[in-house]
Number of protein chains: 2
Amino acid sequence: MQTVIKKFKKNLQEENLKSTPQRLAILEEMMKTDEHLECEEILLKLKEKGNKVSRATLYRTMDILVKYKFVRKLEIGDGRVRYDSNLVHGKRNHDHMICLDSGDIIEFYNDKIEKLQNEIAEKNGYKIIRRVHQLFVKKV
Amino acid sequence: MQTVIKKFKKNLQEENLKSTPQRLAILEEMMKTDEHLECEEILLKLKEKGNKVSRATLYRTMDILVKYKFVRKLEIGDGRVRYDSNLVHGKRNHDHMICLDSGDIIEFYNDKIEKLQNEIAEKNGYKIIRRVHQLFVKKV
DNA sequence: TTAATTTTGATAATCATTATGAAAAAAATA
DNA sequence: TATTTTTTTCATAATGATTATCAAAATTAA
């Protein structure tokens with residue numbers, strides 16, 4: 001969607017950050033995948049397509065993408081940082097179920113849990129900004 | 001509680017691990033705190049009490065304590081690893097609310113969410129082994 | 001007590017991420 | 001369009017938490 005790129009450019013401007021080919025290449029790469037990619041994988045994908053970007057630039061740009069919620073940082077405690085794109089069409093707000101046997105990451109969403117979370121926060125005088133909800137599971 | 005120490009010794013035996021003063025000192029230290037401590041803090045507390053333990057031993061022992069569920073590893077995405085003791089009297093199963101302004105970590109528990117989680121896992125053919133549920137909040 | 005095995009601790013190695021600083025690119029200005 | 005200013009990039013060094021190494025010490029079993 002062109003609108004995503006336009007929004008990104010606008011966000012960059014708002015912070016006096018410049019629109020560069022590297023930043024755009026990274027954004028576009030994240031628009032194309034619904035996997036949970038690690039930095040090295042993103043770097044590799046970019047390289048394969050001829051968009052070579054340095055490690056430092058990738059890390060810096062991922063922080064920008066997280067800040068503007070184009071992607072979400074996903075840490076499941078195995079020491080690897082993954083990124084979950086919010087840019088893939090039809091993808092909604094979700095949480096993760098991680099299979100301890102296969103390593104599969106399954107997305108789930110539950111409206112009731114959502115509501116209960118809000119109630120808990122409210123009851124304590126807080127509002128929720130962001131949440132992490134991960135179920136580590138095994139096949140029955 | 002003597003029973004905790006006995007249980008620990010039994011667990012060690014079961015895996016052909018030896019009962020050492022360092023391991024016991026670390027367990028006992030974790031029985032005394034309901035804070036969410038980092039490795040360096042645990043190391044410091046031990047040192048202050050004259051129980052000097054090397055970094056390597058501390059890391060190795062924390063893994064054992066996690067394995068036997070004496071403590072829980074708590075990672076809230078700020079790059080610091082904390083340990084949440086399950087050994088403090090009256091402490092139950094809980095999740096965490098993290099205040100983005102103050103850094104406070106507030107514990108919460110909700111039975112309904114617990115049930116919904118189990119339903120979700122079941123529906124997908126899984127059973128829950130462990131879970132991470134963190135609400136990042138700000139004061140209203 | 002001895003012997004076999006495990007653990008400890010000091011230090012080196014690792015590895016993901018961040019800092020550095022010169023060269024290149026982008027935006028602003030003339 | 002050329003020039004100037006500012007930001008960004010890239011390659012590499014630095015960082016810092018955790019892990020590996022291995023000789024010396026401690027533990028357990030016989």
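Trainee: In this predicted model, how much area is buried between chain A and chain B?

Mentor: Interface size is often given as the accessible area lost when the parts come together. Carbon and sulfur atoms give 67% of the area buried here between chain A and chain B. The whole buried area comes to about 3,000 Å².

Trainee: Which three residues of chain A supply more of its buried area against chain B than any other three?

Mentor: Look for a trio that together gives 21% of what chain A buries against chain B. No other three residues supply as much. They are Ile120(A), Tyr126(A) and Phe136(A).

Trainee: How many residue pairs are in polar contact across the interface of chain A and chain B?

Mentor: Let's start with the charges: the rule finds 0 salt bridges across this interface. Polar contacts do turn up there, counting pairs with both residues at pLDDT 80 or more. The number of such residue pairs is 12.

Trainee: Which element gives the most residues to the side of chain A that touches chain B?

Mentor: Four elements of chain A each supply at least two residues to that side: strand E4 (95–99), strand E5 (105–108), helix H5 (111–123) and strand E6 (126–139). By class, the side has 17 nonpolar, 7 polar and 7 charged residues. The top giver, with 14 residues, is E6(A).

Trainee: Which residue of chain B stands opposite Val137(A)?

Mentor: Find E6(A) and strand E6 (residues 126–139) of chain B, which are joined by 13 bridges and run antiparallel. Now go to Val137(A) and look across to E6(B). The residue standing opposite is Ile128(B).

Trainee: What kind of axis relates chain A to chain B?

Mentor: Two copies of a chain are related by a rotation about an axis and a shift along it. Here chain A can be laid on chain B by a turn of 180 degrees and a shift of 0.0 Å along the axis, with an RMSD of 0.1 Å. So that relation is the one of a two-fold axis.

Trainee: Which residue of chain A has the C-alpha nearest the axis?

Mentor: Follow the C-alpha atoms of chain A until you reach one 2.2 Å from the axis. That C-alpha belongs to His133(A).

Trainee: What percentage of the contact residues of chain A recur in chain B?

Mentor: The contact takes 31 residues from chain A and 31 residues from chain B. The same surface serves both copies. The share that recurs is 100%.

Trainee: Away from the interface, which residue forms a salt bridge with Glu35(A)?

Mentor: Chain A has 5 helices and 6 strands. Glu35(A) sits in the loop between helix H2 (21–31) and strand E1 (36–38), and its partner lies 10 residues apart in helix H3 (residues 39–48). The closest N and O atoms of the pair are 3.5 Å apart. The partner is Lys45(A).

Technical notes:
Residues numbered from 1 in each chain as written. Chains lettered and ligands numbered in written order. Predicted model: local features only at pLDDT ≥ 70, side-chain atom pairs only at ≥ 80, totals over all residues. Heavy atoms only, no water. Contact = heavy atoms within 4.5 Å. Buried area = accessible area lost by both parts, 1.4 Å probe. Salt bridge = Lys/Arg side-chain N within 4 Å of Asp/Glu carboxyl O. Polar contact = N/O pair within 3.5 Å; in protein donor to acceptor, adjacent residues only side chain to side chain. Nonpolar A, V, L, I, M, F, W, Y, C, P; charged D, E, K, R; others polar. Pairing = 2+ DSSP bridges. Least-squares fit on C-alpha atoms with pLDDT ≥ 70 in both.
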